[in-house]
Each structure stands twice: as C-alpha cells, then as structure tokens.
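Subject: Structure for you to look over

Dear colleague,

I am handing over the structure we spoke about, together with some notes on what I found in it. Please open it first, and then read on with the sequence beside you.

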Amino acid sequence: MKLPGARSLRVRVTVLATVLVAAAGLLLLWLAWTLVGDAVDAVPHMPPGTIVRVDGVDVDASTLAQHLRGHAVTRVLIFGSLAFFFVVAAAAILAWTFTSRVLRPLREIAGTAQRLSIESMGERIGEIRSRDELAELARTFDDMLDRLQDAFDSQRHFVANASHELRTPLSVIRTELDVTLSDEHADEAEFRRMAGVVLDATNRAGQLVNSLLLLARTDGAGLVTRELVDLTVLVERAWSAVRGEAGQRGLRADFAMQPSPAIGDPALLERIAGNLVENAVRHNVDGGWIEVTTEPGAQWSTLRVRSSGGLLDPAAVPELFQPFRRAGVARTARSGAGLGLSIVRAAVQAHGGTVSAEPVVGGGLAVTVRLPAA
C-alpha cells in the first residue's frame, strides 16, 4: 500500500539529496574553472611581438596564449557541465531508489497503524529487515500495541462483568414490581415485603456503583493527598463497622497490632483496611476466626489479615484481585460485589506498595499489604 505521507517524505529526501549534490557539484566546477584559469595565467609570457610557429604558421605569442587559455576554460566548462548534470541525475536516481528501501519499514509501520482498529488489535509489525532506529521504532510500536490490547481486553471484560453484576439487582426489582403490581389482591403486607426486597436490591446496586467509582478513581491514578496515618487506627475503625455482623456469625477475632505509620491518602488507606476486614468477616464461615496483624518497619509498614473459610486453589488466588472474581461459594457473600480486593490492589499500587494473598491450610485466605512508612 502506497501511503501519501511516506511518498511525500521520499520526495523530500530525494530533492534534498539532489540539491546537496548539485550544490557540491557547482562548487567543484567553480573551483576547477578557477584553478585552470590560474594555471594558464601562471604560464611564463613571452616578450611582446614574439612570433612562434605552430603547424607551419607564424602566430603572435600573446594571441596564442589567449587562445590556449580560452580553449582550456571552455573545455573545463563543457566537460564539467556534462559531469555535473550526470552526477546530479545519478544522485537523484540513487536517492529515490535507496530512500524507497530505507523507508519501507516506515511504510509497514504506517500501514499497520492505518489497518488497526478495536477488532484487529492483534495485528503486529513483527521483525523488519532494518536493524537501525526504524527497527527499534517497530519494536516499540508493537510493545505499545500489546499494552493497548491488554487495556482494551481488560476494559471490555470489566464492562461486561459490571453489566452482569448490575443486571442482577435490577432484575430483582423489576420482578418484584411486576409480580406485586399484577396481584389485584395484594395487601399492605405484600407491598411492604416488596418494598423491603426492592430496598435491599437498590442498596446492593448502590454499593456496586460506589465501588466501581472508587475503583475507577484509584486504578492507575496518583495520590492527591499524602498524610501520616496509623494503620492500627484504621483497623479499629474497620472492625467497629463489622463487629456486630462478626458477633452474629460467632467469629473469633485476634488482633496483634503495633503502631504502624503509613504515608498516603487517608481515605484510600482506610478503604484498604476496611475492605480486608470486611472480606474477612463476610467471606468467612460461621464460627470461624480472624487474625489481624500490623508491623512497623523502617521503610515499610505491614498489614496482614488472615481468616478461615472454604478451601482455595492456590493457582486461583491471584485471580481474586481481578474485578468480580470470587473464590468459590464458601467465600462469596450475597452483599459482596467482587470488587473488594480489586480496590485494595489499586489503592496499594497507587501508594507504591505491594499486596499478596495465599490460601490458609484447612481453608481460608491470608492477605498481606506492605505500605511505605516514610
């Protein structure tokens, strides 16, 4: 495919090379003409009136000298001009030919970029014959396409999962409304029951939307606020919010906490601790246990939350940090949206920290977060 941009560049490079060669040729022609003239002028002159014989003809020496000088200069101009035009033409042809070969990788890159769309993001330039900066440009372009494809796939997957999660509470609301309104004998108790179901579904949809907004604000974003926060205070706040639910389910909680300062956004740090503690309670088993540990460090403060639960496949644990991923029925709560650990990962990465998870022997999950302490 011939690209106008590549052809225009090819023409400009050819014209530039031709002009440079022409300028150099004119300079050389002028130098040759000057040198020949100086060489002729440097020939010793005979005294005025001297007669010399050339091919049996007597000629005045001064007239012969002028004739020889003019003849030499004329030959320089004629043959120099012929050589000049030949060199310029050869330079133009060679520049046009070699420029085409040099710009071929660039045409391949431009052609691939023009053919790309969301549906054809899998196309790549691949290896090219060139081994110079254009080859590096092609590799960089392919790497960029890999990152874009990953981003598009992740976005498409996220949107599909979000739509599926939002469809559930909306379906519940619509079903309840259709069933109740179609019942001509529905009384106040039936309408109150319907209102309760609709309220629960609405709350779930609202929690999901809030989680999506928090994830969108956190994922890939930098920190706006940086303050010194004690992780133990955040854990205590998070436990206060779920203590009643944990008591109803008979969960035993053990805390081994030391003052552990962390630098970052207080709201995001509180969400990290809150999500981990909430997950430990809501994805636990009745009569289970929870262990929360905070440890200070010179550069990093550590928050570790371990809890009982269902058996987990170690290979599936990393997927828990993906949006809407849940580790089986045993760790799935009806009130959860599958975004808790995704928000934790995004918030931790925004702080420059690390987060990891591993299954607990006998069932359960342990999540460890390391955040900068200074």
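Gly352, which follows helix α7, has a positive phi, near 80°. Please keep in mind here and throughout that this is a predicted model. The helix that comes before this glycine spans residues 340–350 and is mostly covered, since nine of its 11 residues are buried. The buried residues of α7 are Gly340, Leu341, Ser342, Ile343, Val344, Ala346, Ala347, Val348 and Ala350. As for its placement, α7 lies across β8 and β9, the latter being residues 364–372, and runs at about 20° to β9.

Those two strands belong to an open sheet of five strands, whose order is β4-β6-β7-β9-β8 and whose pairing is mixed. At its edges are β4 (252–257) and β8 (354–359), each of which pairs on one side only. From one strand to the next, the twist averages 10°. Strands in a sheet are paired through hydrogen bonds of the backbone, in either a parallel or an antiparallel arrangement.

It may help to walk through the sheet from the β4 edge. Strand β4 runs parallel to β6 (residues 289–295), and six bridges join the two; within this pairing, Asp254 has Glu291 of β6 as its bridge partner. On going further, β6 pairs with β7 (residues 300–308) in the antiparallel sense, again over six bridges, and the two strands form a hairpin with four residues between them. Glu291 appears here as well, with Arg306 of β7 as its bridge partner. Strand β7 is in turn joined to β9 by nine bridges, and these two strands run antiparallel.

One residue that I would ask you to look at with some care is Thr302, which lies in strand β7. Is Thr302 buried or exposed? Its relative accessible area is 11%, and because buried means under 20% on this scale, Thr302 counts as buried. In β9, the bridge partner of Thr302 is Arg370. Leaving aside residues up to four places away in sequence, Thr302 touches Leu231, Thr293, Thr294, Glu295, Thr368, Val369 and Arg370. Ala262 is 40 residues from Thr302 along the chain, and the C-alpha atoms of the two are separated by 9.1 Å.

Turning to the protein as a whole, there are seven helices and nine strands, and 35% of the 374 residues count as buried. Among contacts between residues at least 6 apart in sequence, 71% join residues that are at least 24 apart. The accessible surface comes to about 22300 Å², and carbon and sulfur atoms account for 60% of that area.

Finally, there is a point that comes from a record. The UniProt entry, which is unreviewed, carries the annotation "transmembrane region" for residues 12–33 and 76–98. In the model, the span 76–98 is 100% helix and 0% strand, and its end C-alpha atoms lie 31 Å apart.

With best wishes

Methods
Residues are numbered from 1 along each chain as its sequence is written. This is a predicted model: local features need pLDDT of at least 70, side-chain atom pairs count only at pLDDT 80 or more; totals for chains, interfaces and linings use all residues. Side-chain values use heavy atoms; hydrogens and water are left out. Buried means under 20% relative accessible area, exposed over 50%, partly exposed in between (1.4 Å probe, protein chains only). Contact means heavy atoms within 4.5 Å. Accessible areas come from the Shrake-Rupley method with a 1.4 Å probe; for residues, only the protein chains shown count as cover. Two strands pair if DSSP finds at least two bridges between them. Axes are lines fitted to C-alpha atoms, for helices over the stretch in contact, and angles run from 0 to 180 degrees between N-to-C directions. UniProt positions are given in the numbering used here, feature names are shortened, and annotations may be inferred rather than shown by experiment.
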